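Trainee: Could you take a close look at one helix contact and go through it in detail?

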Number of protein chains: 4
Amino acid sequence: MPDVQASADARRVAIDRVGVKDVTYPIRLQVPKSHGGGTQTTVATIAMYVSLPHYQKGTHMSRFLEVLNEHTGGSGAGSELTPISPKDIPTLTAAIRERLDAEEARFTAEFTYFINKPAPVTQSAGLMDYRVSFECVSVREGGRTGTTDDFIMGVTAPAASLCPCSKEISQYGAHNQRCLIGARVRCDTTGGKGPLWIECLAEIIEKAASCPVFAVLKRPDEKWVTEHAYENPKFVEDIIRDLAVALNAEPRITWYAISSENFESIHNHNAYAEIVRDKRA
Amino acid sequence: MPDVQASADARRVAIDRVGVKDVTYPIRLQVPKSHGGGTQTTVATIAMYVSLPHYQKGTHMSRFLEVLNEHTGGSGAGSELTPISPKDIPTLTAAIRERLDAEEARFTAEFTYFINKPAPVTQSAGLMDYRVSFECVSVREGGRTGTTDDFIMGVTAPAASLCPCSKEISQYGAHNQRCLIGARVRCDTTGGKGPLWIECLAEIIEKAASCPVFAVLKRPDEKWVTEHAYENPKFVEDIIRDLAVALNAEPRITWYAISSENFESIHNHNAYAEIVRDKRA
Amino acid sequence: MPDVQASADARRVAIDRVGVKDVTYPIRLQVPKSHGGGTQTTVATIAMYVSLPHYQKGTHMSRFLEVLNEHTGGSGAGSELTPISPKDIPTLTAAIRERLDAEEARFTAEFTYFINKPAPVTQSAGLMDYRVSFECVSVREGGRTGTTDDFIMGVTAPAASLCPCSKEISQYGAHNQRCLIGARVRCDTTGGKGPLWIECLAEIIEKAASCPVFAVLKRPDEKWVTEHAYENPKFVEDIIRDLAVALNAEPRITWYAISSENFESIHNHNAYAEIVRDKRA
Amino acid sequence: MPDVQASADARRVAIDRVGVKDVTYPIRLQVPKSHGGGTQTTVATIAMYVSLPHYQKGTHMSRFLEVLNEHTGGSGAGSELTPISPKDIPTLTAAIRERLDAEEARFTAEFTYFINKPAPVTQSAGLMDYRVSFECVSVREGGRTGTTDDFIMGVTAPAASLCPCSKEISQYGAHNQRCLIGARVRCDTTGGKGPLWIECLAEIIEKAASCPVFAVLKRPDEKWVTEHAYENPKFVEDIIRDLAVALNAEPRITWYAISSENFESIHNHNAYAEIVRDKRA
């Protein structure tokens, strides 16, 4: 059969990224021993792209899925799934780059991650869901022998924000609302610094809010979260700044992109803030 | 060219509904004089279905769009758009039924509708957006001469809810959040009762919340909405019941399906309640 | 602390359904031995509701989550998750009804389920993702001793549809597109009939399409699916009818609600058909 | 009342962007005479942000909405809406920057735009919907007197793609599917070059596909689009390259970011390609 993709192209237009997106796939995460060990299986939405030189007509889309299969479980969806750590993602991304014979490959996965988070007073058990992303770029350099990797981990946590202005000007009460706070970070874990796991980043994020949210709250807990939020009023600007201050103080983090979106309970639109900072610059 | 759709089918399976969905189309609403008159142009998501008898292979999909064109503006998208009132929807639905030669036709349109809603204290101008739906069924009865129509209008309004339990048990503050309150209603406007317009239903819905939301709020307004919500604590159950009581008292409404979804600021899940009631039953 | 929810209500409005929705939770499915055994862990979106009598002010929302925890894994998200079968869902739903002391409880869960589905010619390994739903209602009857359950399982499968009219009237080619075909079914598995598992329903659904879709297709596979679809042209009406005929022939199924939505490659809107049938009526 | 937002902040963290997002608002577009003149009213999703210096606690969120009101219609939603052209967007963005007293302001609006597009053979009337975006950044420079603007217009058009490999290797047929092709462009319209309107960009985009899509197609039209797509097989790579070649040839365009997402009819995932190019670099 003719290999149409491998034929020559005369338009002289290189393509930055080409590949597959919205691939729904199971992944099994290796939880570090410091956070209880074991594994957690979840469902990821995955994108995989490569750069395509101007002279090649097309990429071979099926190979992306083949590499994914090989690194995640050989197309089983149960206990045969291979446990994966963030450190495996550059390996997977480089394998895509090599199999597709490309200068550059990109891999991103987004998935739900659960953390056992007891209620603040009664300690009632409950699972909180976070959205986590792994993003990686692998680039071939210097005559096919050198490569560089870039890995970004992201965590988005739901939380509560309570408006300082509303509290200050009102006789009683203060408008508050659910917000989504996100942090994508690059880390340097050389020199004996251990890796930053999802739980660590989720914890840093939640401290920046007026109050964290929980899956199960009994009445003593509800009293606690109500009063805790009222005692910690924060604009969307305060949340993002407190998060920046915390990430500035974390030595493993070298770069971050953070945002908070507050689903205002007094409007039908949202308040939003974001900061991107390269600590090495 | 052969008309494949018109050929015979031997499977003996009648189809309840077949047609087109997710049609994006402009519509121009005639605003009644009682609400300021004029027109409002918006973008609707439309579905149109007919029933198909067991002996016919397929329906003619392009005819749905042709009927829609003829009733909304002849495929212009500017001032040539035909102003439409709720009373035109049964006419349009019957036209679909007739053009497709079907026993039954269904039409639904969902769109954003704007209401000029000044801030509660400063009267600052602002536009609030509501989601509105028109749903209609037209059925042929009794030897092709008789028909019956069924028309449902729906309005979904964003609002604020403040938790009575949180207020009661906490020393200060109370968790509150945005909620979406929806009402779909059937009306009887015979006997001199005028029609129920979108604004009327939106107003009834908003009164059932702890506080309405606004597009523009200056500080005196923010103080007002904060305190107003605190003075009107409501569970999702209270919102839905207060709305039911109000709709029970509105003589034009003969049937309703109502719901409230509260985006809890203390959880990452939502509280929800719904009631369906036929007042004539 | 006062129990505000338990206080009396004077509005005389009973609530059909009240509870929590959009709860994101991990579930671990027990795969039957007939389909390979083992378990599959996935992420579900869950809703849990009860009916509320007119005289009670509110329901106790945290109890829904407590019952969910107890039946799914005690808030662990790894290997401590309890394997669940469809037969456990009525037990869970009845537990919600009892814990909330309600006449009626409803439980619905939607999740992604993966099936290992080799490519049609090369047998290349690949995982296909399906959306599955479990819906259950538990009703208390006759002096608190009798109960009835209603359980519905749903599977939505992506597939391909190829237009018979386009094929018939064109000199070459035929427009085709991805479609989503869904079936929700009630089963009677008494009298020695074994249960209908997800794979069985997915297989029935896919046979109704012009061609199934796959995760990995090499060139010989792509040739096969292209030609297979061309040899099986189907309108959305044909898909839904062929699916109805297949479900009529499956003795375990007593009721079904089926639909197909075709994302037409020649329009920016979708073709859609649906049938609901109670085989016992 | 105290102005909490205006108070000092000691954290020494400047904020890149803070403001409001997901604002739903009506806008009325001035259609140029070259494209029929008149106006088209639609519903936009708007975001408005400013940069915030490290020493200021918060921005004044209500002012964003006030500026929007003043420039779009004074909070009327009917004929009182002010007709807007792309050239008004930098003015609006600069007004936000000035009212909020910021170094930088950003404005983005996304909306549906309709184009009357007759069927290719029968010329049957039909309206096609496109997603359009306006993005603008206004920066204060050099002692408050100089400013620079950056304006990007984007159009996303649905179309059809037909796979060259599938056509080449199969005895008959070829898989095809709906795709979404997007182009965001910066233009230089100095030196007598007229502006590039939405229709121009939509037309360029559609020519890059295997075939455009239409709202209404009768049988002679369906034959035409089927055969036209079959005669123009294109990978996602071909679509993006042909679009790049066309934008390279358009002298008004100085920069573009283009993408195509193909909803493969043989997979449950999508093929995707993108190119960003600065023609002045």
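Mentor: What follows is a description of one helix pair, and then of a second pair set beside it. This is a predicted model, in which local features need pLDDT of at least 70 and side-chain atom pairs count only at pLDDT 80 or more, while totals for chains, interfaces and linings use all residues. Residues are numbered from 1 along each chain as written, chains are lettered from A and ligands numbered from 1 in the order written, and side-chain values use heavy atoms, without hydrogens or water.

In chain A, helix H4 (residues 198-207) packs on helix H6 (residues 236-248) at an angle of about 140°, their axes being 8 Å apart. Helices are DSSP runs of H or I of at least four residues, numbered from the N terminus; angles run from 0 to 180 degrees between N-to-C directions, with axes fitted to C-alpha atoms over the stretch in contact. H4(A) is therefore oblique to H6(A), that is, outside the ranges under 35, 65 to 115 and over 145 degrees. The crossing is right-handed (near helix turned clockwise from the far one by less than a right angle). H4(A) contributes A:Leu201, A:Ile204 and A:Ile205 to the contact, and H6(A) contributes A:Leu243, A:Ala246 and A:Leu247 (heavy atoms within 4.5 Å). This contact of H4(A) with H6(A) has 6 nonpolar residues and no polar or charged ones (Ala, Val, Leu, Ile, Met, Phe, Trp, Tyr, Cys and Pro are nonpolar; Asp, Glu, Lys and Arg charged; the others, Gly among them, polar).

In chain B, H1 (residues 61-72) and H2 (residues 88-99) pack at about 145°, with axes 10 Å apart. Their crossing is right-handed. The contact residues include B:Phe64 and B:Glu66 of H1(B) and B:Leu92 and B:Arg99 of H2(B). By class, the contact of H1(B) with H2(B) has 6 nonpolar, 2 polar and 4 charged residues.

Definitions and conventions. Helices (H or I, at least four residues) and strands (E, at least two) are DSSP runs, numbered from the N terminus.
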